[in-house]
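The following paragraphs lead the reader through a protein structure, one region at a time. Please keep the sequence and the three-dimensional view at hand while reading.

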Amino acid sequence: MKTQKDIEQVEIQKNLGDLPRFINAIFDEAISSKVSDIHLETLRDFMLLRYRIDWDFLIKSKIALDNYAAIITMVKVMAWLKIDENKKPQDWKISYKSEKIWQEVDMRISIMPTVYWEKIVIRILSQDASILNLDNMGFLETNNEKIKNVLKSKYGLILVAGPTGSGKSTTLFSLLKSFNPIEINISTLEDPIEYNIDYINQTQVRPNIWFWFADGLRSLVRQDPDVIMVWEIRDTETATLAVEASLTWHLVLSTIHTNSAAATIQRLINMWVEPFLISSALKMVISQRLVKWICPHCKTNTNPNANLVKRAKEILAPVLDESEINNLKFYEWTGCDKCNNTWYKWRIWVHEVLVLWDYLEDAILSRKSASIIQHISEENGMITIMQDAVLKAVMWKTTLEEVFKLV
């Protein structure tokens with residue numbers, strides 16, 4: 001756990017030299033190190049540079065405030081933002097390429113006013129479309145089969161649910177990549193466009209000119225689409241239009257911020273979408289999280305804390321028989337050069353996949369709570385996100401400690 005002392009031990013960097021070279025060096029290092037976000041935070045006495053890697057923060061350096069004006073101006077110029085605007089948030093996307101990073105990388109730059117001037121957060125958007133494959137997403141075989149069957153539907157609404165940073169957009173595009181865009185018409189509304197995919201009609205929403213998801217949806221249904229992807233359902237209007245579009249012979253894919261698959265149904269009801277429309281339109285909800293993936297090069301058999309093992313067995317009791325539960329094995333790390341002694345290599349998904357069969361119709365129409373919908377779904381064979389996570393630990397892909405910490 002990092003503390004104030006960790007920051008105090010870092011010296012303040014005063015002379016940055018050539019500023020463009022300094023900024024490029026930050027970008028190059030972040031991209032090479034698989035950083036997801038670059039944070040430049042303005043504090044009272046210095047600017048703090050931090051990287052987010054696999055959800056953890058790495059403190060890189062402290063920068064003297066004498067350099068603040070030059071850095072914020074250069075970043076704004078790079079992102080075509082207003083230099084003299086410092087009272088309102090600004091954001092835009094840029095494409096970056098350098099002598100070290102030959103492949104073009106998209107970055108989303110967000111600037112937010114704070115009590116100490118402005119803060120910069122730069123999200124690095126991967127353009128590696130090769131990872132966009134359902135078979136690479138870590139779904140259990142039974143869930144993978146359910147998803148592929150639902151994707152054969154000609155109409156309906158499919159939602160990917162989870163908190164910010166849970167990889168929803170990657171899953172969404174993996175669903176999209178399962179279609180052949182040459183045989184059908186696929187259109188998207190995105191903010192921002194993270195992956196450029198040939199033969200898919202991708203549209204960037206632009207709030208600064210009052211072009212929102214709802215506006216785009218109204219126009220997209222006139223574009224003769226077979227599949228519509230909406231980046232996110234954020235409000236009642238977008239939710240209603242997405243449901244209506246899915247009932248007029250369009251397959252609609254989107255994301256939503258909820259904590260579970262069952263809670264997604266409750267969230268739509270709370271957004272004033274009529275239950276009878278939800279039961280007719282909603283085909284499937286995929287709820288997910290990300291957990292650290294144990295390094296395959298230095299993992300070793302272990303006996304975890306007895307309380308954790310007991311909890312794991314209780315969670316898996318509904319999905320495994322007694323002999324399997326009594327023979328569970330778990331792994332831990334020892335540390336090696338491959339993972340830089342961090343024990344983990346990237347992250348993996350854990351999921352729950354709720355397919356809306358007829359057995360849920362009465363519960364939805366009568367506006368039952370998320371807990372009741374969850375209970376009914378489990379009784380009818382849905383593998384919960386906790387069960388999936390513990391199974392990933394049993395399959396030696398993560399640790400029990402990580403599972404119970406993050407899920």
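**Two helices, a sheet and a loop**

In this predicted model, helix α6 (residues 213-220) packs with helix α7 (residues 236-246) at an angle of about 20°, and their axes lie 9 Å apart. Because angles under 35 degrees count as roughly parallel, α6 is described as roughly parallel to α7. The crossing of α6 and α7 is left-handed. On the side of α6, the contact is made by F213, A214, L217 and R218, while α7 contributes E237, T238, L241 and A242. By character, the residues of the contact of α6 with α7 comprise five nonpolar, one polar and two charged.

The next region is a sheet. Seven strands form this open sheet, in the order β1-β4-β3-β2-β7-β6-β5, and their pairing is mixed. The strands β1 (12-13) and β5 (90-96) are at the edges, where each pairs on one side only. Helix α3 (residues 68-78) packs on the sheet and touches β2, β3, β4 (56-64), β5, β6 (105-113) and β7 (118-125). The direction of α3 makes about 45° with that of β7.

Within the sheet, strand β3 deserves a closer look. How many bridges join strand β2 to strand β3? Six bridges link β2 (residues 37-42) to β3 (residues 46-53), and the two strands run antiparallel. Two of the residue pairs can be located in the view: I38 has Y51 of β3 as its bridge partner, and L40 has L49 of β3. A hairpin of three residues connects β2 to β3.

On its other side in the strand order, β3 is joined to β4 by eight bridges, and these strands also run antiparallel. Here I53 has D56 of β4 as its bridge partner. The hairpin of β3 and β4 has two residues between the strands, and in this hairpin D54 takes a positive phi near 50°. Is β3 enclosed or open to the surroundings? Seven of the eight residues of β3 are buried, so the strand is largely enclosed by the rest of the structure.

The final stop is a single residue, W357, which is placed in the loop between β16 (344-355) and α12 (361-365). Is W357 buried or exposed? The relative accessible area of W357 is 54%; because a residue counts as exposed over 50%, W357 is exposed. Although W357 and K283 are 74 residues apart along the chain, their C-alpha atoms are separated by 8.1 Å.

Note on methods: Residues are numbered from 1 along each chain as its sequence is written. This is a predicted model: local features need pLDDT of at least 70, side-chain atom pairs count only at pLDDT 80 or more; totals for chains, interfaces and linings use all residues. Side-chain values use heavy atoms; hydrogens and water are left out. Two strands pair if DSSP finds at least two bridges between them. Helices (H or I, at least four residues) and strands (E, at least two) are DSSP runs, numbered from the N terminus. Contact means heavy atoms within 4.5 Å. Axes are lines fitted to C-alpha atoms, for helices over the stretch in contact, and angles run from 0 to 180 degrees between N-to-C directions. Angles under 35 degrees count as roughly parallel, over 145 as roughly antiparallel, 65 to 115 as roughly perpendicular and the rest as oblique. A crossing is left-handed if the near helix is turned anticlockwise from the far one by less than a right angle, and right-handed if clockwise. Ala, Val, Leu, Ile, Met, Phe, Trp, Tyr, Cys and Pro count as nonpolar, Asp, Glu, Lys and Arg as charged, and the others, Gly among them, as polar. Buried means under 20% relative accessible area, exposed over 50%, partly exposed in between (1.4 Å probe, protein chains only).
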